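Welcome to a short tour of one protein model, written for someone who likes to look at helix geometry and individual residues side by side. Please keep the structure open as you read.

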Amino acid sequence: MAVADCEMPMAPESEVMSEEEMEREAEGFKEQGNAFYIKKDYSEAFNFYTKAIDACPKNASYYGNRAATLMMLNRHWEALEDAQQAVRMDDMFVKGHLREGKCHLSLGNGKAASRSFQRVLELELDNAQAPSELKNANAVLEYERMAEIDFEKRDFRKCVFYMDRALEYAPACHRFKILKAECLALLGRYPEAQSVASDILRMDATNGDALYVRGLCLYYEDCIEKAVQFFVQALRMAPDHEKARLACRNAKALKSKKEEGNNAFKDGNYEAAYELYSEALTIDPNNIKTNAKLYCNRGTVGSKLKKCDQAIEDCTNAIKLDETYIKAYLRRAQCYMDTEQYEEAVRDYEKVYQTEKTKEHKHLLKTAQLELKKSKRNDYYKILGVDKNATDDEIKKAYRKRALMHHPDRHSGASPEMQKEEEKKFKEVGEAFTVLSDPKKKARYDSGQDLDEEGMNMGDFDANNIFKAFFGAPGGGFSFEGNSSSGPGNFFFQFG
């Protein structure tokens, strides 16, 4: 049976839009983009401007519109590409040049921005925006110039000031932000510097400058191991980054030298530790926190070597670098105590106790205050020329020597001034012996208590009576006869 021929239905041909229809559709997308732009829905505006470009990629205004939208989305580099594409397609496109200039300005390129704004004025002499934008571009160039000068002068505060002014016109300029962050780090304002660097790294995790600044903050906060990691990472991203290379070298050298000093100190090799800490202090004068610790460490070594004055100076340098460094105050206070500079010790312990009110610090302050109080009295041990741990026999021998040395009869031929001075010393010697030879009085004196309490009135004693009682003169009469051939300490006395 023959099969009848039949026609199979043909698939409809796909409709191809004419160029005019494409342009009409593109205009529709642009109008929708404009509507969303007015509503400040910049993401949707971007989508429709992109559709317009896809439909009609040779229309400069679409790129100009998308550039404006990208600027509002803070995508300045993409905005710049669109604006440049727009003016390449139509060099007479005023808005395109204006938007290109604004992109350059936001990104901190003042020279390129100036060229764009000048081109706007060439095309449209009475353009309302171009003169003020050109003025802003010139201001950015001037702020950048002044910041560079101040950075070279190490006037980091001024540099931060000029970068803040520049960033008002160039908020997307990473270069300005990095310079500001570096200056903040060098000023010791680490949290602010870290914040700026972190903001950049969130947008560009491979930014070598931002990685360097993060490392610099850690380095100056004495977190040297972590700092080295950031410096190494910065050098991976930017192998020619000289600042990161130098900082990395300094960090490693500082860490190594400090550890060598610490090990020498632990081993009791104080001379070597002193030298190693001194060498470490020359590596980087800008590292304030680490250098403060190095000065304090060297001060500790100095006190071990009995170089108290040097130790005090080192602790003072540590405090100048870090006014909150409690350990340096404590070390200096102890050195003041060791050298009997009690007022200075009290001042340091008061500072410590105000900062950290612990029982230990309170005890140290009380001890220093007691020693200060004791220091304002006559030092009976010093008057007799004996140690504070002197025995009764040593105290008696010292009194014998000093009493004979300063007795008024021995100086009867001296000038009135000399007689008065020797009489004063004779009385002090008697007073000292009265206290130190009496266990009860000595105990009260040593503990810093007032001797006038409990009937121990030190004004009611006679130095001559003490002298007579000590030497046992029955009648109380005695005389000194000088020997012409003997020195000042060679004399004898006889009782009458």
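Let us begin with a pair of helices. Helix 5 passes helix 7 in a left-handed crossing. On the helix 5 side, Leu98, Lys102 and Leu105 make the contact, and on the helix 7 side the partners are Ala130, Glu133, Asn136, Ala137 and Val140. Sorted by class, the contact of helix 5 with helix 7 holds five nonpolar, one polar and two charged residues. Helix 5 covers residues 94-106 and helix 7 covers residues 130-152; the two pack at an angle of about 25°, and their axes are 11 Å apart. With angles under 35 degrees counting as roughly parallel, helix 5 and helix 7 are therefore roughly parallel to each other.

**The model as a whole**

This is a predicted model, and a word on its confidence is in order. The mean pLDDT of the protein is 88, with 89% of its residues reaching 70 or more. Over residues 1-8 the pLDDT stays under 50, and the model has zero contacts for these residues beyond four places in sequence. The pLDDT is also below 50 over residues 479-496, but that stretch has 29 contacts in the model beyond near neighbours in sequence.

The protein has 24 helices and two strands. Of its 496 residues, 43% are buried. Among the contacts with a separation of 6 or more, 51% are between residues 24 or more positions apart.

**More helix pairs**

Two packed helices are described by the angle between their axes and the distance between the axes. Here are the pairs treated in this report.

| Helix pair | Angle | Axis distance |
|---|---|---|
| Helix 5 and helix 7 | about 25° | 11 Å |
| Helix 3 and helix 5 | about 25° | 10 Å |
| Helix 13 and helix 14 | roughly 165° | within 8 Å |

Helix 3 and helix 5 pack at an angle of about 25°, and that makes helix 3 roughly parallel to helix 5. Helix 3 passes helix 5 in a left-handed crossing. The contact brings together Gly64, Asn65, Ala68 and Met71 of helix 3 with Arg99, Lys102, Cys103 and Ser106 of helix 5. Its residues divide into three nonpolar, three polar and two charged. Lys102 is worth a second look: this residue of helix 5 takes part in the contact with helix 3 and in the contact with helix 7.

How are helix 13 and helix 14 oriented towards each other, roughly parallel or roughly antiparallel? The axes of helix 13 (residues 242-266) and helix 14 (residues 270-281) cross at roughly 165°. Angles over 145 degrees count as roughly antiparallel, so helix 13 is roughly antiparallel to helix 14. Their crossing is left-handed. Helix 13 contributes Leu254, Lys257, Lys258, Glu260, Gly261, Asn262, Ala264 and Phe265, while helix 14 contributes Tyr270, Ala272, Ala273, Leu276, Tyr277, Glu279 and Ala280. By class, this contact of helix 13 with helix 14 has nine nonpolar, two polar and four charged residues.

**Two buried residues in contact**

Tyr329 sits in helix 17, which spans residues 326-338. Its relative accessibility is 8%, so Tyr329 counts as buried. Apart from neighbours within four places in sequence, Tyr329 is in contact with Ile319, Glu323, Asp348, Lys351 and Val352. The C-alpha atoms of Tyr329 and Thr316 are separated by 8.1 Å, and the two residues lie 13 residues apart along the chain.

One of these partners, Asp348, is found in helix 18 (residues 342-355). Is Asp348 buried or exposed? At 1% relative accessibility, Asp348 counts as buried. Leaving out residues up to four places away in sequence, Asp348 touches Tyr329, Arg332, Ala333 and Tyr336.

**Positive phi in two loops**

Finally, consider two residues other than glycine with positive phi. Asn74 has a phi near 60° and lies in the loop between helix 3 (60-72) and helix 4 (76-89). With a relative accessible area of 59%, Asn74 is exposed. Asp222 has a positive phi of about 70°, and its place is the loop between helix 11 (208-220) and helix 12 (224-237). Asp222 has a relative accessible area of 16% and is buried.

Note on methods:
Residues are numbered from 1 along each chain as its sequence is written. This is a predicted model: local features need pLDDT of at least 70, side-chain atom pairs count only at pLDDT 80 or more; totals for chains, interfaces and linings use all residues. Side-chain values use heavy atoms; hydrogens and water are left out. Axes are lines fitted to C-alpha atoms, for helices over the stretch in contact, and angles run from 0 to 180 degrees between N-to-C directions. Helices (H or I, at least four residues) and strands (E, at least two) are DSSP runs, numbered from the N terminus. Angles under 35 degrees count as roughly parallel, over 145 as roughly antiparallel, 65 to 115 as roughly perpendicular and the rest as oblique. A crossing is left-handed if the near helix is turned anticlockwise from the far one by less than a right angle, and right-handed if clockwise. Contact means heavy atoms within 4.5 Å. Ala, Val, Leu, Ile, Met, Phe, Trp, Tyr, Cys and Pro count as nonpolar, Asp, Glu, Lys and Arg as charged, and the others, Gly among them, as polar. pLDDT is the predictor's confidence in each residue, from 0 to 100. Buried means under 20% relative accessible area, exposed over 50%, partly exposed in between (1.4 Å probe, protein chains only).
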